[in-house]
Amino acid sequence: MSEFDLIVVGGGIMGCSAALRASEGGMRVALVERAAIGSGASGVNAGTLSLQIKRVALMPYAIRGHRWWQKAGDKVGFRRTGGLTLAFNEREATLLEERMRLKIAAGGPIELVTPGFALQREPSLTSRVIAASWCADDGYASANRTGTYLRGLLRDAGVTYLEYSPAEAIDGGDDGFQVVTPLGTLKGRRLLLTAGAWTKPLAAKLGVEFPVHVRVNTVSVLERGPATVGSVIGHATGLLTLKQKADGTVLIGGGWQGRGSSEEGRGEIVPATMLDNLRLARFVVPPLARFRLLRAWTGFEAHVPDFYPLAGALPGIRDAFVLSCVRGGYTIGPYIGRLLGDLILGKEPELKLFDPARFAGPTTALAV
């Protein structure tokens, strides 16, 4: 049986970042992933790296996470395009101004700009814009390149990783943890759960109950077309993210819901909500009416009732930790993963974490 200082369950951005940080600190680390590295939420989102759509309290984490993407550069398809968030009626304009002023106060490099500024930068926008904000640092990366990049980092760092190897059982005690997978059983002194939408059932294996809710977000891509929009475009309500990539394809998201469950392992597109998302995109950028839908897919996103992360010690279980439910996790993940790695190494994290005990239910015999 292989033995490690730390076993990480979940191979997305956060799990890989925590594993890499622990390895840098001298730990022998193993990571197990139910599918391919970076194939969950880290690989099926729209790739948007917008500071304007982050929660105020998470802005410092987003700014630092954004730097990781910039440093990774072309290896992850990073592009710094700048981003506009738009309002089309007075209610949206008030919402936009209130939210952006708070984010600016929290350090976000965001400006409130005029509709004229927005239309000058993006002439293809509808003329019905009445308020806008701008962030020069906004951009995107290619989510489908994330896994390849992370896999290379793990390999170079000497982290053992098992793909297509779900944690079938997790047992713990005074001498550490055993994680049973189809490829063998791993033993570790410490355990970290970074399994996104699968956090709830995995924590339950250890007797910890979290009120994790899972959304089934839809992303659509339009066929290649002429250069139409250069910035990342968002809506004041958060119901739209839109970008045109260098190859001419257009990615459209905004959290419109499909159906399905993480227990089933797949989601299903709901045509009505997908079409509403596409109609909103066409309203904001009218020339997109000439683009045909190429394909669409769904991805799972987990959250708890207060929409802040679960990041810290797993309540009642010595040497066990959890990192999950990070809204904006694609941007924030590389940084908050390193913070969790520091905690596991016994270091004081640079920024505070978010104690999972605020939501945890009673534990079973594994509690100490």
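Is leucine 183 buried or exposed? I took this up as my opening entry, keeping in mind that the model is predicted, and I found that leucine 183 has a relative accessibility of 56%, so it counts as exposed, the threshold for that class being over 50%.

**Entry on leucine 183.** I placed this residue in the loop that runs between strand 11 (176–181) and strand 12 (184–193). Setting aside residues up to four places away in sequence, I noted that leucine 183 touches Leu162, Glu163 and Ser165. I also looked up proline 226, which is 43 residues apart from leucine 183 along the chain, and the C-alpha atoms of the two are separated by 47 Å.

**Entry on proline 356.** I then turned to proline 356, which I located in the segment after helix 9 (329–344). Its relative accessibility is 0%, so I entered proline 356 as buried. Glycine 312 is 44 residues apart from proline 356 in sequence, yet I read a C-alpha to C-alpha separation of 6.1 Å in space. When residues up to four places away in sequence are not counted, proline 356 touches Phe210, Leu310, Ala311, Gly312, Ala313, Pro315 and Val322.

**Entry on arginine 21.** I found arginine 21 in helix 1 (residues 13–24). With a relative accessible area of 14%, arginine 21 falls under the 20% limit and is therefore buried. Its contacts, again not counting residues up to four places away in sequence, are Arg338, Gly341, Asp342, Leu345 and Lys347.

**Entry on helix 4.** I checked the length of helix 4 (residues 90–105) and found that its end C-alpha atoms are 23 Å apart, which agrees with the 22 Å that its 16 residues should span at 1.5 Å a residue. I listed Glu92, Ala93, Leu96, Met100 and Lys103 as the buried residues of helix 4. These cover an arc of only 105° around the axis, so they sit on the same side of helix 4. On the face turned away from that buried side I noted the exposed residues Glu90, Arg91, Leu102 and Ala105. The buried residues of helix 4 pack against helix 3 (59–72), strand 5, strand 6 (111–113), strand 7 (131–135) and strand 14.

**Entry on helix 8.** For helix 8 (residues 271–284), which has 14 residues, I read a reach of 20 Å from first C-alpha to last, close to the 20 Å expected at 1.5 Å a residue. Met274, Asn277, Leu278, Leu280, Ala281 and Val284 are buried in this helix. Viewed down the axis of helix 8, the buried residues fall within an arc of 155°, so they line one face of the helix. I recorded that they pack against strand 5, strand 13 (213–222), strand 14, strand 15 (241–244), strand 16 (250–253) and strand 19 (293–303).

**Entry on the cavity.** How many cavities of 30 Å³ or more are there? My search gave one of 30 Å³ or more, and the largest cavity holds about 60 Å³ of space. I found 13 residues in the lining of the largest cavity, with Ser50, Ile53, Val232, Ile233 and Gly234 lying nearest its centre. By class, I entered that lining as five nonpolar, seven polar and one charged residues. Strand 5 (83–87) and strand 14 (232–235) each supply at least two residues of the lining, and I note that both strands also appear among the elements packed against the buried residues of helix 4 and of helix 8.

Definitions and conventions
Residues are numbered from 1 along each chain as its sequence is written. This is a predicted model: local features need pLDDT of at least 70, side-chain atom pairs count only at pLDDT 80 or more; totals for chains, interfaces and linings use all residues. Side-chain values use heavy atoms; hydrogens and water are left out. On a 1 Å grid over the protein atoms alone, a cavity is a set of points where a 1.4 Å probe fits but cannot get out, and a pocket is an open set with protein on both sides within 12 Å along at least five of seven lines; lining residues have an atom within 4 Å of a point. Grid points are joined across faces, edges and corners, and a volume is the space filled by probe spheres set on the points. Helices (H or I, at least four residues) and strands (E, at least two) are DSSP runs, numbered from the N terminus. Ala, Val, Leu, Ile, Met, Phe, Trp, Tyr, Cys and Pro count as nonpolar, Asp, Glu, Lys and Arg as charged, and the others, Gly among them, as polar. The expected span of a helix is 1.5 Å times one less than its number of residues. Buried means under 20% relative accessible area, exposed over 50%, partly exposed in between (1.4 Å probe, protein chains only). The arc is that of the directions from the helix axis to the C-beta atoms. Contact means heavy atoms within 4.5 Å.
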